Amino acid sequence: MTSLTSFLLLLFTAVAQAISSSGSRLLVVLEDVAEKAQYSKFLGDLEGRGFEVTYETPKSDSLNLFHLGERSYDHILFFPTKAKGLGPNLTANLLLQFINAEGNILLALSGQKQAPSSIVAALSELDIHLPSERTGLVVDHFNYDVTSADEKHDVLLLPTPGALRSGVKDFFSPATPNGEVLALPQAIGQVLGNGALLTPILRAPTTAYSYNPKEESEVLGDELFAAGKQLSLVTTVQARNSARLTVVGSADMLSDQWFDAKVKKAGGKAAVATVNREFAKRVSGWTFNEIGVLKVNWIEHHLNEEGQGNQSNPKIYRIKNDVTYSISLSEYEWDHWAAFKVPADDDLQLEFSMLSPFHRMSLKPTVSSEESTTYSTNFKLPDQHGIFNFKINHKRPFFNNIEEKNTVSVRHFAHDEWPRSYAISGAWPWISGIGATVTGWLFFVAIWLYSKPTGKGESKKTR
Amino acid sequence: MAPKKAQASSAAAPVVTTGTTTSTAPAVSAPSKKSSSSSSEAWSNVATNILKHYQKTTPQRTKLIDLFMAFLVVVGGLQFVYCVVAGNYPFNAFLSGFSATVGQFVLTASLRIQTTEANKADFPSVSPERAFADYVFGSLILHFFCVNFIN
């Protein structure tokens, strides 16, 4: 009976873990709780993945991001609201505190509703800039949907984003891209600063531009906010503590209407289905720590020399020792830990450093199991004694940061650890020099003693 | 035995002097004509004279010392040439090998000074036996040090 209950308990914990790697409490902020019907498929997907969803409106008194100094929720999902501000419970400062407390935020904005001022302020803290007066509509006269926006050209049809650059894993495209398109209706574009923590997922095509629909001028000029690749439509920020924030420029792309819509590109022949649902799953999954999460299982280093103790993680090494360093890493994939594979054209690097690195080398995968990969390398410690660190500082777009430091002392040679001179072939001539001197001296003494009586007699007699 | 030797040396002495006189005479008489050949001849004569004189007058143990010192010079020179040609790694081996030879040379030179008859007046209190005992003691210390240092 006890074994059965413990088994059930184990099963329960296993089921409970089959969600995000950092908690399942999700807060959804809507203008009106009834609005959730509009996003039922997206929210249903989230609940199906194991999130405990709480729906709140910004005006609600019971809404509190923190309780007794701890986060009340693990993740927040914002849908567009009509109100200019979000009230005292969702100020920009509180949102940034939430990120500092390692909470994740998914922010859906819309070109039709003004972005709340607290969100604009929080975003500008992160170097993401929205159009002035918090409204802007992205249009593209070449990549629009003919069926729904034949006149306004404000439903953008874009291919799936693909990898950001070589060496970066592509998290956001479907497993087998087949020419599907993403539909972004009434999107608001963001302009990004130079921050190293900012990574765009989806940029606007070169022919797109953002304008303020409330300006009633015939000619676009000074009021043009940004154009082309300057505009980011889906932007991510990963803070130094690996908290994630994603800005989705078009909230409508998450709605039921556009999940399964058939769209037809301008100049295109047949209507095709959008991949919004898959894209929404991946973007929300990344934001809520379901993918792209790395974990260090263990770190081990030891001497790699024959005839020496093979103790794990010793506190002290000697200069010029051969050392093996291994690190085991796992990557979270939706509901389980899997082996982490470094993307092609990328490296996992180890530094052996005292103030500055003395060695920087890439680690190679040695042992791979279903749940983890062990990366290791062998190297010779530098000819310098002192306090050193084995340091892994792996910061890559879309992966959470890994910063591991293991401190060891490196001592100099003990007086009896130097090699004997007869072990060094270069010293043999000098060893034989001493040998020749000593044997020559022995012969000399022997002959001297043997010949002495004659010499003495001679000297006596000559005297 | 001693009278014989003394006789032999006294008999040899005139030969040497006559030899020198005969060889130098033509060089003096014709310096301008064959100066180079005659001078080299003269130099070789000087060398053979020195050699003969050395062989005649030097006691046998001093010759032994000289032979040993020449041997040390050769051994030390070889070690130094090896260091220049092949590099000084490991340096302690070079230092101890070379200094063993040089030190032995210096000690042997001291022994030679102290045991030469002509220097008797300078060391009235040091008998040749005492000098040799000192020499053996000093050499043993030197060898001990060098073998330790070469590790």
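UniProt positions are given here in the numbering of this model, feature names are shortened, and annotations may be inferred rather than shown by experiment. With that in mind, the unreviewed UniProt entry lists residues 427-450 of chain A as "transmembrane region". For chain B, the unreviewed entry lists residues 64-87 and 132-150 under that feature name.

What you have is a predicted model: local features need pLDDT of at least 70, side-chain atom pairs count only at pLDDT 80 or more, and totals for chains, interfaces and linings use all residues. Residues are numbered from 1 along each chain as its sequence is written, while chains are lettered from A and ligands numbered from 1 in the order in which they are written.

**The annotated spans**

Here is how the three spans look in the model. Helices (H or I, at least four residues) and strands (E, at least two) are DSSP runs, numbered from the N terminus.

| Span | End C-alpha atoms apart | Helix | Strand |
|---|---|---|---|
| Residues 427-450, chain A | 35 Å | 96% | 0% |
| Residues 64-87, chain B | 34 Å | 96% | 0% |
| Residues 132-150, chain B | 27 Å | 100% | 0% |

**Confidence**

The predictor gives the complex an ipTM of 0.75 and a pTM of 0.73. Per residue, the confidence of the predictor is pLDDT, from 0 to 100. Chain B averages a pLDDT of 80, and 76% of its residues score at least 70. Please read residues 1-33 of chain B with care: pLDDT stays under 50 there, and the model has twelve contacts for them beyond four places in sequence. Two residues are in contact if their C-beta atoms, placed from the backbone, lie within 7 Å.

**Chain A**

Chain A has seven helices and 28 strands. Its radius of gyration, taken over C-alpha atoms, is 35 Å, well over the 23 Å that the globule rule gives for 463 residues, so chain A is more spread out than a compact globule. That rule is 2.2 Å times the number of residues to the power 0.38. Along the principal axes, the C-alpha atoms of chain A fill a box of roughly 140 × 70 × 45 Å.

Buried residues make up 35% of the 463 residues in chain A. A residue is buried if 20 or more other C-beta atoms lie within 10 Å of its own, exposed if 12 or fewer, and partly exposed in between, with C-beta atoms placed from the backbone. Among contacts in chain A between residues at least 6 apart in sequence, 71% join residues at least 24 apart.

Strand S12 (residues 198-203) of chain A is mostly covered, with five of its six residues buried. S12(A) pairs with strand S15 (residues 231-238) of chain A in the antiparallel sense, over five bridges; two strands pair if DSSP finds at least two bridges between them. Thr199(A) has Thr236(A) in S15(A) as its bridge partner.

Some loop residues of chain A are also worth a look. Gln186(A) sits in the loop between strand S10 (181-185) and strand S11 (190-192) of chain A. Although it is not a glycine, Gln186(A) has a positive phi of about 45°, and it counts as buried because 24 C-beta neighbours lie inside 10 Å. Trp334(A) is in the loop between S21 and strand S22 (336-339) of chain A. The phi of Trp334(A) is positive too, near 65°, but this residue counts as partly exposed, with 16 C-beta neighbours inside 10 Å.

Asn321(A) lies in the loop between strand S20 (316-318) and strand S21 (322-333) of chain A. It is partly exposed, with 17 other C-beta atoms within 10 Å. Leaving aside residues up to four places away in sequence, Asn321(A) touches Leu303(A), Glu305(A) and Leu381(A).

**Chain B and its contact with chain A**

Chain B has five helices and zero strands. Of its 151 residues, 18% are buried. A cis peptide bond joins Tyr89(B) and Pro90(B), with omega about -10°; Pro90(B) is found in the loop between H3 and H4 of chain B.

Where the chains meet, 29 residues of chain B are in contact with 27 residues of chain A. On the chain B side, the elements that give two or more residues are helix H3 (60-86), helix H4 (91-115) and helix H5 (128-150). H3(B) gives the most, with ten residues. By class, this side of chain B has 18 nonpolar, nine polar and two charged residues. Ala, Val, Leu, Ile, Met, Phe, Trp, Tyr, Cys and Pro count as nonpolar, Asp, Glu, Lys and Arg as charged, and the others, Gly among them, as polar.
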